[in-house]
Amino acid sequence: MNKAYIFVLGGTSTITLSIFLFILVPRLQVSEINKDAVSAQSPYTENELKGRKTYIDNGCLYCHSQQVRDPVAGADKAFGWGRASLPSDYIYDKPHLLGTMRTGPDLSNIGSRQPSRDWHHLHFYNPRLLVSWSIMPGFPFFYEVATSSESPKPGAIRIPGKTDQWIIPSEEAENLVSYLMSLKRDRDPVKASEATK
Amino acid sequence: MSKGGTVDAKVVFLILTFSISVLGMLAFVVALIQKQVLVPASAAKSIFGKNEVGHSELDAKSRMSDQWKTLDQSAKIPILLFMVSSVLWLVLGSIFGLLVSFKFHAPEFLGSEALLTFGKLRPLHLNIIAYGWLSPAALGVAMWLVPRMTKVPLQNVKTLFAAGVIWNIGVILGCVGLLFGLNDGLEWLEFWWPFKILLALAGAMVAIPLFRTIYLSKEEHLYVSMWYIIAALIWFPVLFIIANSHFLHSGVEQAIANWWFAHNVLGLWVTPLGLGIVYYLLPKIIGHPIASYQLSLFGFWGLALFYSQVGMHHLLGGPIPTWLGNLSVVMSVGMAIPVITTAINHHVSAYRHFHVLNESVVLRFIVFGAMSYTVSSLQGSLHSLRTFNYTTHFTHWTVSHAHLGLYGFTTMVLFGGIYYALPRLVGRNFKHPRLLNLHFWVAATGIIIYAVGLGYGGWLQGKELQNVNGSFEQSVRLTMPYLVVRSFGGTLMLLSHCLMLYNVFSILRPEKEAVIK
Ligand code: HEM
Ligand code: HEM
């Protein structure tokens, strides 16, 4: 018999220890913390969940984080991204979308920071219409473009700088914007025990 | 803790996993006391055949290679399948990588097609690289090395072939699925879960024959590369299954599980396989045993202990328990121990026989890889420190580190491994060895430009993201030149992969003379 079993044993025990420390203990602790907290995030509506799926499928995650750090770590607060995130901000998130890149700004509180739906639609249609230095990709395929001197449809938005060009958001685009509107994780945290008082 | 049945189940799990790990540690200590782990220095020579020490095994058609021929070709077809398909994936994956890179500084480029948007190509790049290139290529080389070290021909060759087919089908379906919205939404785990079951199945169909081969081995001592391969084959399935059990996780807990996986797929899968290949090929090619066999023990056990507990350095500053982040920081710094011992071992061996680099292109790949391992790991320990991480987190610095690790280290080592194995699998030498050399220099230049350029840009970006009087706009503007530099380095890398594709296909084509005879 050769000595392979030593490495089988060693490998199994280190990975088990790792599961213990990184999967099981944090679960217990986080669920304990969340038990006494009211989430700053409200449960998502059906449309918001559809928008969330669009967010995933179009890779917003790879450029935008949804986790705000303490001022010790960075200028997050100074940039207007809100207070530091808490575990209870994410209890309705599945899959989680914390993200680890900031090619674009954090979106934890985009719903309060930029409440204009029209702004978001134009920005998705072509970010450089509104923000000249942007390197965010446009999503023109979410929109239909119409030429008309008057609004061709309720919900159509005139392209800035053009008198007769309009974009008409698809349902997908509307849902995506609804999802962004739902992100308002800058509400102050409340404890469940105090909120009921 | 006593309220409710669910909590009780959790407590049982806790006690169970904790006891298993403590038992495992105990077993290790016992093995240590019985001197089953401390190894004779002669074991370092077990990879050399009769009269081989002192000679470099360079020519695949020499008498030296002949002694290994039956073992080398015991599973020729499945190994070729793994290697050749992985090279094809590499070319495709890096085309996507380059397109993504262009989109960073030319956001309108291919921007009006829904299927070619940044957010579709970026996960395609990562998943093709991780599951199309790195994993099957590393498995292919490992499958080729195992018979050499166990002295047993590979078992269940047909199963291995079927595994290669299923694995590739899994990756193809996974990629097509991503384009059409079948996306699990977790970084490093984007493939839709039914397709990941195919990958798990294929993985098991590789692991079981390998374990059978190992079980049949009569070798008194298994060479150090085998330790890494055995451990990796245990670790990866556990990681993959737990991280993909979506019913287990949501919210912050899922983020923790996600990055626990994403780190461990690097630390406990790609890295050990890469190191195993270095530990075999480096001494083999220079013709002398590794500098200190005892030291390699520290390298292995240190990696097993420390690297399995560093995952949360990906979420420092995030909404996770503080102790968990701190644990990962401590362990990340601890990683310096196995990294430095491994580095001494590799670099001293290479330094003593530096002249062989003139003769062997494969050795160039391996030595470059070993050096990148040292550099990227020490960089990793550094940017795990909280103060440092607060600057570099969320920036292109991390992407630069990722490529230095996965390209400079793993990919270069795999290039070497494939170039070493192929001639011995097909029994012919490369017709144009110079093209291998060209591949090396183009790839090495490309990755150096990529890593240094983007790393510096990422540092500037990070400083700006910490500047309370600064602006986000400035952080984007500052990085622009370095994003262009990245595309330049990436173009060189892609070119080198095309060269590799040519090299691989040219050696597969039978020589004309052979056909006439
Ligand atoms: C032609 C060469 C390549 C180019 C131009 C390239 C470019 C890129 C780009 C632009 C990204 C996206 C970064 C972001 O979202 O901020 C990326 C991510 C990534 N690439 Fe590559 N890549 C190339 C080859 C490779 C290879 C060969 C590997 C692996 C061996 C690799 C591994 C990765 C990994 C792991 C990531 C994820 C990084 C992270 O999330 O931090 N790439 N690459
Ligand atoms: C001692 C060794 C190492 C340590 C302590 C370390 C540490 C880190 C840390 C802290 C990050 C996250 C940075 C952030 O998001 O702020 C990271 C990312 C990464 N590291 Fe390492 N690293 C090490 C070695 C390696 C090696 C050898 C490889 C390649 C095989 C590697 C590949 C990566 C990749 C691909 C990422 C990006 C993951 C992603 O964001 O998608 N690292 N590393």
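Modeller: Let me start with a term: a nonpolar core is a set of buried Ala, Val, Leu, Ile, Met, Phe, Trp, Tyr and Cys residues joined through side-chain atoms within 4.5 Å. Buried means under 20% relative accessible area, exposed over 50%, and partly exposed in between, with a 1.4 Å probe and protein chains only.

Colleague: Thanks! Anything else I should know before we look around?

Modeller: This is a predicted model, where local features need pLDDT of at least 70 and side-chain atom pairs count only at pLDDT 80 or more, while totals for chains, interfaces and linings use all residues. Residues are numbered from 1 along each chain as its sequence is written, chains are lettered from A and ligands numbered from 1 in the order in which they are written, and side-chain values use heavy atoms, leaving out hydrogens and water.

Colleague: Great. Which residues of the largest nonpolar core touch the most other members?

Modeller: B:Tyr131, B:Trp133, B:Trp188, B:Trp260 and B:Phe261 do, out of 202 residues in that core. Helix 9 of chain B, residues 251-286, gives the largest share, 23 residues. Helices here are DSSP runs of H or I with at least four residues, strands are runs of E with at least two, and both are numbered from the N terminus.

Colleague: What does B:Phe261 touch?

Modeller: Setting aside residues up to four places away in sequence, B:Phe261 touches B:Tyr131, B:Trp188, B:Leu189, B:Phe236, B:Leu239, B:Phe240 and B:Ala243. Contact means heavy atoms within 4.5 Å.

Colleague: Let's switch to ligand 1. Where does ligand 1 lie?

Modeller: Ligand 1 sits between chains A and B. There are 24 residues around ligand 1, and B:Arg122, B:His125, B:Ile129, B:His403 and B:Thr411 come nearest. A residue counts as near if one of its heavy atoms lies within 4 Å.

Colleague: And how do the side chains of B:Arg122, B:His125 and B:His403 meet ligand 1?

Modeller: Through polar contacts, meaning pairs of N or O atoms within 3.5 Å; within protein, one must be able to donate a hydrogen and the other to accept it, and residues adjacent in sequence count only if both atoms are side-chain atoms. An N or O atom in the side chain of B:Arg122 is 2.5 Å from an oxygen atom of ligand 1. For B:His125, a polar side-chain atom lies 2.7 Å from a nitrogen atom of the ligand. B:His403 has a side-chain N or O atom 2.7 Å from a nitrogen atom of ligand 1.

Colleague: Which helix supplies the largest share of the shell around ligand 1?

Modeller: Helix 4 of chain B, with 7 residues. In chain B, helix 4 (76-105), helix 5 (118-150), helix 16 (396-426) and helix 18 (472-508) each supply at least two residues of this shell. By class, the shell has 15 nonpolar, 7 polar and 2 charged residues. For these classes, Ala, Val, Leu, Ile, Met, Phe, Trp, Tyr, Cys and Pro are nonpolar, Asp, Glu, Lys and Arg are charged, and the others, Gly among them, are polar.

Colleague: What about ligand 2: which residues are closest?

Modeller: B:Trp188, B:Tyr307, B:Asn389, B:His393 and B:His401 are the closest of 24 surrounding residues. Side-chain N or O atoms make polar contacts here too: B:Trp188 is 2.9 Å from an oxygen atom of ligand 2, B:Asn389 is 3.1 Å from an oxygen atom, and B:His401 is 2.9 Å from a nitrogen atom.

Colleague: How does the shell around ligand 2 divide by class?

Modeller: Into 8 nonpolar, 16 polar and no charged residues. Helix 14 of chain B gives the most to this shell, 7 residues.

Colleague: Back to chain A. Is A:Ile19 buried or exposed?

Modeller: A:Ile19 counts as buried because its relative accessibility is 11%. A:Ile19 belongs to helix 1 of chain A, residues 4-35. Beyond residues up to four places away in sequence, A:Ile19 touches A:Leu24, B:Val238, B:Ile242 and B:Trp260.

Colleague: Any unusual backbone spots?

Modeller: Most residues other than glycine have a negative phi, and most peptide bonds are trans. The peptide bond from A:Lys94 to A:Pro95 is cis, with omega near -5 degrees. B:Phe394 has a positive phi, near 70 degrees. B:Phe394 is in the loop between helix 15 (386-392) and helix 16 of chain B, and counts as buried because its relative accessibility is 0%.

Colleague: And what is phi of B:Lys151 near?

Modeller: Near 60 degrees, also a positive value. B:Lys151 lies in the loop between helix 5 and helix 6 of chain B, and at 33% relative accessibility B:Lys151 is partly exposed.
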